[in-house]
Amino acid sequence: MPETASIHDTIILGSGPAGLTAAIYAARSSCCPLLIAGGQPGGQLTTTTKVDNFPGFAEGVDGPELMQQMDAQARRFGTKFVDGEVTRVELGKAPFKLWLDDRLLECRTLIIATGASPRMLGLPNEWELYGRGVSVCATCDGFFYRDKHVVVVGGGDTAMEEASFLTRFASKVTVVHRRDSLRASAALEQRIRENEKIDFRWETVVNDILGDSQKGVHGVRLRHLTSGKKEDLPCDGLFIAIGHSPNTTLFKNQLDLDEDGYLATRNGTETSTPGIFAAGDVQDPHFRQAITAAGTGCMAALQAERYLESHSG
Ligand code: NAP
């Protein structure tokens with residue numbers, strides 16, 4: 001596909017499984033993709049440990065290793081990478097305009113794979129204590145909790161993986177979950193229940209984080225949802241693992257979003273604007289797996305290629 005000096009055939013936003021798979025396919029079809037890596041190069045999988053369910057790895061694969069391999073594969077076929085984050089977009093009509101700080105980039109097709117970010121509890125001091133006992137990433141911060149007691153909030157796969165990983169360091173991990181059963185997969189649940197370092201507080205929420213920015217976290221105030229009983233539980237860290245929100249702020253009022261803020265797609269990965277496609281967690285409130293993100297990344301690249309073909313000349 002011919003490419004003018006200033007207008008790219010395809011720009012891909014995001015470097016998780018969706019963005020990198022889109023890059024592999026787009027590069028192989030000569031769409032000369034430019035990939036803008038975003039604020040977390042490699043995406044969410046860089047903050048996980050072992051990925052056991054990505055097909056092709058019978059013994060599992062470390063998340064960062066998987067992403068490095070996808071990155072290398074995308075580079076092998078000629079994807080150009082740019083570090084940084086897009087701060088402004090104009091998507092009204094092609095060529096689409098994007099700004100990396102002051103630098104203007106233009107493209108004929110755009111693949112949005114900006115993923116999702118961890119949700120927070122909404123407690124008044126959680127940001128003040130972020131990095132001082134409050135974390136959203138056990139693989140990043142678990143090391144600091146050797147022989148300590150930590151609390152994990154959430155009942156999904158992420159919370160169970162975080163809790164399991166933290167037992168490598170912590171002497172005790174308490175999982176606080178708002179319901180009386182887990183959302184996590186049966187395999188993970190079994191692993192967690194067999195781990196003697198992990199205990200549970202069911203039907204319970206974190207009402208307050210006890211601590212200050214000088215000394216860090218020294219406990220959490222829990223509230224049992226049915227009895228209303230409150231308890232101050234001493235702990236050294238709080239890991240929040242309650243799901244994710246799609247990274248779509250940039251696209252509000254420019255592309256259609258669904259009621260939860262995900263990019264609305266149809267016919268595969270088409271957004272409300274022809275020539276713009278969305279892949280991965282930014283458009284997927286249901287599955288949110290690495291493999292489904294990769295699958296939609298592939299679809300987006302193929303749809304972008306067809307769009308370019310039908311609009312060339
Ligand atoms: P999730 O499945 O949406 O689970 C979020 C958990 O947090 C739920 O248990 C939810 O409670 C709880 N929660 C939500 N908001 C809360 C709040 N304000 N206060 C207290 N608790 C709250 O999210 P996830 O665990 O991040 O997983 C996301 C997706 O990634 C899932 O599809 C999951 O299967 C996948 N994933 C897979 C793996 C793996 O296969 N190894 C690993 C990680 C993630 P309720 O249960 O009451 O809703």
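In this predicted model, a backbone N or O atom of Gly155 is placed 3.0 Å from an oxygen atom of the ligand. The neighbouring position in the numbering contributes in a similar way, since a polar backbone atom of Gly156 lies 3.4 Å from an oxygen atom of the ligand. A side chain also takes part, with an N or O atom of Arg179 found 2.8 Å from an oxygen atom of the ligand. Taken alone, the ligand would expose 910 Å², and the protein buries 79% of that area.

The shell around the ligand consists of 20 residues, and the closest of these are Asn53, Asp157, Thr158, Arg179 and Arg183. Sorted by class, the shell contains four nonpolar, nine polar and seven charged residues. Among the elements of secondary structure, helix α4, which spans residues 157-166, gives the most to this shell, with three residues.

The position of the ligand can also be described in terms of the domains of the chain. The domain assignment divides the chain into domain 1, made of residues 3-117 and 244-310, and domain 2, made of residues 120-240. The contact between the two domains draws five residues from domain 1 and seven residues from domain 2. Because domain 1 and domain 2 both give residues to the shell around the ligand, the ligand lies between them.

The C-alpha centres of domain 1 and domain 2 are 32 Å apart. The size of an interface is often given as the accessible area lost when the parts come together. For domain 1 and domain 2, the buried area is about 390 Å², and carbon and sulfur atoms give 54% of it. On the side of domain 1, the residues that lose the most area to domain 2 are Thr47, Thr49 and His244, which together account for 76% of what that side buries.

Two features of the backbone remain to be described. Most residues other than glycine have a negative phi, and most peptide bonds are trans. The peptide bond from Ala94 to Pro95, however, is cis, with an omega near 0 degrees, and Pro95 is located in the loop between β6 (88-90) and β7 (96-100). Asn267, although it is not a glycine, has a positive phi of about 45 degrees, and this residue, Asn267, belongs to the loop that lies between β18 (244-246) and β19 (276-278).

Methods. Residues are numbered from 1 along each chain as its sequence is written. This is a predicted model: local features need pLDDT of at least 70, side-chain atom pairs count only at pLDDT 80 or more; totals for chains, interfaces and linings use all residues. Side-chain values use heavy atoms; hydrogens and water are left out. A residue is near a molecule or strand if one of its heavy atoms lies within 4 Å of it. A polar contact is a pair of N or O atoms within 3.5 Å; within protein, one must be able to donate a hydrogen and the other to accept it, and residues adjacent in sequence count only if both atoms are side-chain atoms. Accessible areas come from the Shrake-Rupley method with a 1.4 Å probe; for residues, only the protein chains shown count as cover. Helices (H or I, at least four residues) and strands (E, at least two) are DSSP runs, numbered from the N terminus. Ala, Val, Leu, Ile, Met, Phe, Trp, Tyr, Cys and Pro count as nonpolar, Asp, Glu, Lys and Arg as charged, and the others, Gly among them, as polar. Domain bounds come from an automatic or database domain assignment. Contact means heavy atoms within 4.5 Å. Buried area is the accessible area (1.4 Å probe) that two parts lose on being put together, summed over both.
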